[in-house]
Structure formats: structure tokens, C-alpha cells
Number of protein chains: 2
Amino acid sequence: MSFILASASPRRSEILTMIGIPFEVDAPRVDENLKASHPTELPRLLAEAKAKEVSLRRKDMWALAFDTLVFLDERPLGKPQDADDAFKMLSALSGREHEVITGVALARNGMIEESEEERTKVFFRKLKPKEISDYIATNEPFDKAGAYGIQGIGARLVDSVEGCFYNVVGLPIALTLDILQSVKEA
Amino acid sequence: MSFILASASPRRSEILTMIGIPFEVDAPRVDENLKASHPTELPRLLAEAKAKEVSLRRKDMWALAFDTLVFLDERPLGKPQDADDAFKMLSALSGREHEVITGVALARNGMIEESEEERTKVFFRKLKPKEISDYIATNEPFDKAGAYGIQGIGARLVDSVEGCFYNVVGLPIALTLDILQSVKEA
């Protein structure tokens with residue numbers, strides 16, 4: 001089964017390539033300012049909106065979309081706006097646990113076929129202010145929700161995880177395989 | 001503080017490079033057929049033997065060594081000898097939990113300064129025989145303890161982890177930073 005990855009994220013493309021799954025990329029064009037009754041529903045709703053949008057433009061093709069957000073006490077952390085914002089986020093994450101939620105949705109001709117979410121707990125080391133500012137100086141935090149990348153220099157910040165590691169990078173592998181498999185068998 | 005990575009593993013070098021730690025490599029020359037009162041002690045004993053050996057050859061330098069083993073029900077799984085052996089190992093890991101233990105040791109002039117271990121639980125998906133044989137056909141299993149690599153095509157086999165992800169790749173990042181830090185401060 002061939003499908004369209006409805007995501008412009010190079011990290012998601014890298015993961016699918018790493019595990020040997022063929023795909024084509026088409027970046028979604030959606031307004032990310034969705035309303036949800038609870039913020040933890042946002043990743044799934046956004047993934048659905050992306051999958052629908054791409055599948056409407058690409059007749060009869062499967063479109064697979066993702067949206068990943070970092071939650072601290074159920075409040076979403078987006079991408080930091082500047083170095084001060086990154087410092088505040090990383091200080092808030094230091095020495096404690098947070099949750100990464102990725103929504104995954106598969107659509108065809110504008111109809112959602114599957115829609116799921118994956119949650120992973122991430123435990124940060126207790127960070128010294130100098131460790132945080134050294135990390136910000138690498139510029140890695142700025143394009144990343146929660147101001148860190150677990151598959152980069154940001155791996156230094158993490159003590160342990162509980163759940164799917166690749167979910168934290170942006171693509172939950174086991175869940176994605178299940179969704180692709182269920183459609184293949186239908 | 002500069003140190004010698006007492007390991008020939010390219011994956012360990014990659015992780016240290018990824019997190020921006022400078023090091024030099026010197027592969028240890030040790031007999032890996034050690035005796036231990038319990039097999040789960042082997043990673044630490046082997047890391048100690050490697051760190052000692054390298055530090056004796058490199059006067060006044062810090063040598064940091066690692067040894068990673070995969071344990072199923074506390075029995076160690078080494079590298080598979082052939083495709084049949086890999087098939088047996090991966091079938092045994094399918095649908096259940098196992099443990100990866102890495103020993104870490106730091107030595108100077110033949111004296112062990114620090115010696116620790118890190119344990120991570122890995123949960124495998126329930127694998128179909130075809131998934132296992134497809135994976136073996138990639139040749140990825142053959143140089144890896146437990147016959148899989150979590151940072152490669154083998155990521156397809158894994159449902160979730162509990163603990164340090166990079167420990168499964170062979171270098172527990174948080175523990176390594178702690179050990180390097182303790183020596184720096186001493």
C-alpha cells in the first residue's frame with residue numbers, strides 16, 4: 001500500500017525511511033488554531049484536519065498525518081518564541097515528568113478512516129541553569145515543541161522515557177504500523 | 001575533561017558526538033569470557049575489565065568503557081550466530097518484555113574510579129514469522145546482541161521502552177553524564 005505522508009517534518013520522513021516504509025510527502029495546508037474542549041485532544045484533531053485536507057487534494061490516495069505536542073500538567077507547550085521563552089520552558093521541565101502526545105490520522109477522499117493517539121512520558125534530569133543556556137546556544141530548541149529534541153543534543157536533558165520513544169521524535173512507530181496494517185487488511 | 005572511549009562500537013561514538021562530548025577512541029583488548037556469580041553482573045564486570053585494560057596502556061588518562069547485554073528472563077542473549085539463531089531469538093522476544101543492561105566503568109592507571117549499570121525494559125510487538133524473516137533479510141541483526149537494533153529497521157519490532165532509550169543503543173546518556181561530572185568535580 002502506498003500512501004502520502006501529510007507532514008513537512010523532516011524528522012517524520014527520516015523515521016519512515018529508517019524503518020523501510022515507502023511514502024510520498026505532501027505538506028498539509030491547515031489553520032493550526034483549532035478549538036478543542038480539552039487541549040490534550042488537540043494533537044488528534046489537528047492530525048485529522050491535516051489528513052482530511054491532503055486527502056481532498058489527492059483523489060483516492062491514503063493520507064497519513066501527525067501532530068505532536070508536549071504537555072506539562074496538561075498544558076501544551078508550543079515552540080519557544082525566543083531564548084527567554086526557551087529558558088522558561090526548559091526550566092519548567094527540569095527535574096520532572098511531562099507527556100508527549102502525538103495524534104495520528106489516516107484519511108481518503110476527505111473521510112477519516114483511522115484516528116488514534118499515542119502518549120509517552122518523558123522524565124528530565126535536574127538541569128543546572130548553565131546546562132540550559134548552553135543547550136539554547138546550540139539553537140536546537142527553536143523549531144521544537146517544548147524547546148528540546150530528544151534525538152539530538154537535547155538527549156542530554158532526558159533521564160528516561162516510558163512508552164514509545166519515537167513518539168517523542170514525532171512518529172509513533174508501533175501505532176503507525178498498526179494503522180497501516182489495518183487498512184491493508186480491510 | 002578529556003577522556004578515552006574504551007569501545008570500538010561506532011554507535012557509542014555516534015551518541016557521544018550527537019550530544020557534543022569530545023573524546024578519543026581506543027578499543028579495549030580483553031577476553032570477554034568472564035565468569036560472574038550471576039550473568040546480570042557481566043556487563044559491569046566486562047566494562048571494568050575494558051576500562052582497566054585501556055587505562056593501563058594510556059598513562060594518566062581517563063578511560064570510559066561500556067558493555068551492553070540483552071537479558072530474557074535473566075539469561076543473556078548474545079549476537080546471533082546465523083539466521084536460524086536470529087529467528088529463534090526474535091521469536092523468543094516477540095510479544096513480551098526483556099531487559100537491556102549496560103555496565104559503565106571509568107578507570108585511570110588501572111584503577112576503577114566509577115562503576116555503575118543502567119537497566120532499561122523493552123517491550124516487543126507481537127511479531128508475525130514473516131516480519132521476523134523480513135527483518136533478518138536486512139542483515140541488521142547479525143552484529144547485535146539480542147539480534148535487533150532499536151535505532152534502525154529494528155525500531156519496527158519495538159512497542160515501548162521503560163528507562164533510558166540510549167541505553168538500549170549501548171550508551172546510557174544520563175548515567176554517563178553523571179559519571180563524567182562526578183570526576184570533573186572531584
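Which residue of strand E3(A) is the bridge partner of A:Leu5? The legends below treat this pairing and its surroundings in a predicted model.

**View 1. Strand E1 of chain A beside strand E3(A).** The bridge partner of A:Leu5 in E3(A) is A:Leu64. Strand E1 (residues 3-5) and E3(A) run parallel and are joined by 3 bridges.

**View 2. Strand E3 of chain A within its surroundings.** Strand E3 of chain A spans residues 62-72, and 8 of its 11 residues are buried, so the strand is largely enclosed by the rest of the structure. Burial here denotes 20 or more other C-beta atoms within 10 Å of the residue's own.

**View 3. The antiparallel pairing of E3(A) with strand E5 of chain A.** Strand E5 (residues 97-108) is joined to E3(A) by 10 bridges. Within this pairing, A:Ala63 has A:Ala107 of E5(A) as its bridge partner.

**View 4. The hairpin of E3(A) and E4(A).** Strand E4 of chain A (residues 75-77) runs antiparallel to E3(A), with 3 bridges between them. A:Val70 is placed opposite A:Leu77 of E4(A). The hairpin has 2 residues between its strands, and A:Asp73 adopts a positive phi near 50°.

**View 5. The side of chain B that touches chain A.** Contacts link 20 residues of chain B with 20 residues of chain A. On chain B, at least two residues of this side come from each of strand E7 (158-163), helix H5 (165-169) and helix H6 (173-185). The greatest contribution is that of E7(B), with 6 residues. By residue class, this side of chain B comprises 12 nonpolar, 4 polar and 4 charged residues.

**View 6. Strand E7 of chain A paired with E7(B).** The strand of chain A, residues 158-163, runs antiparallel to E7(B), and 3 bridges join the two. A:Glu162 has B:Glu162 as its bridge partner in E7(B).

**View 7. The rotation axis relating chain B to chain A.** A turn of 180° with a shift of 0.0 Å along the axis lays chain B on chain A with an RMSD of 0.0 Å. This is therefore the relation of a two-fold axis. The same surface serves both copies, as 100% of the contact residues of chain B recur in chain A. Among the residues of chain B, B:Glu162 comes closest to the rotation axis, its C-alpha lying at 2.3 Å. B:Glu162 is also the residue that serves as bridge partner of A:Glu162.

Conventions. Residues are numbered from 1 along each chain as its sequence is written. Chains are lettered from A and ligands numbered from 1 in the order in which they are written. This is a predicted model: local features need pLDDT of at least 70, side-chain atom pairs count only at pLDDT 80 or more; totals for chains, interfaces and linings use all residues. Two residues are in contact if their C-beta atoms, placed from the backbone, lie within 7 Å. Helices (H or I, at least four residues) and strands (E, at least two) are DSSP runs, numbered from the N terminus. Ala, Val, Leu, Ile, Met, Phe, Trp, Tyr, Cys and Pro count as nonpolar, Asp, Glu, Lys and Arg as charged, and the others, Gly among them, as polar. Two strands pair if DSSP finds at least two bridges between them. Copies are superposed by least squares on the C-alpha atoms of residues with pLDDT of at least 70 in both. A residue is buried if 20 or more other C-beta atoms lie within 10 Å of its own, exposed if 12 or fewer, and partly exposed in between; C-beta atoms are placed from the backbone.
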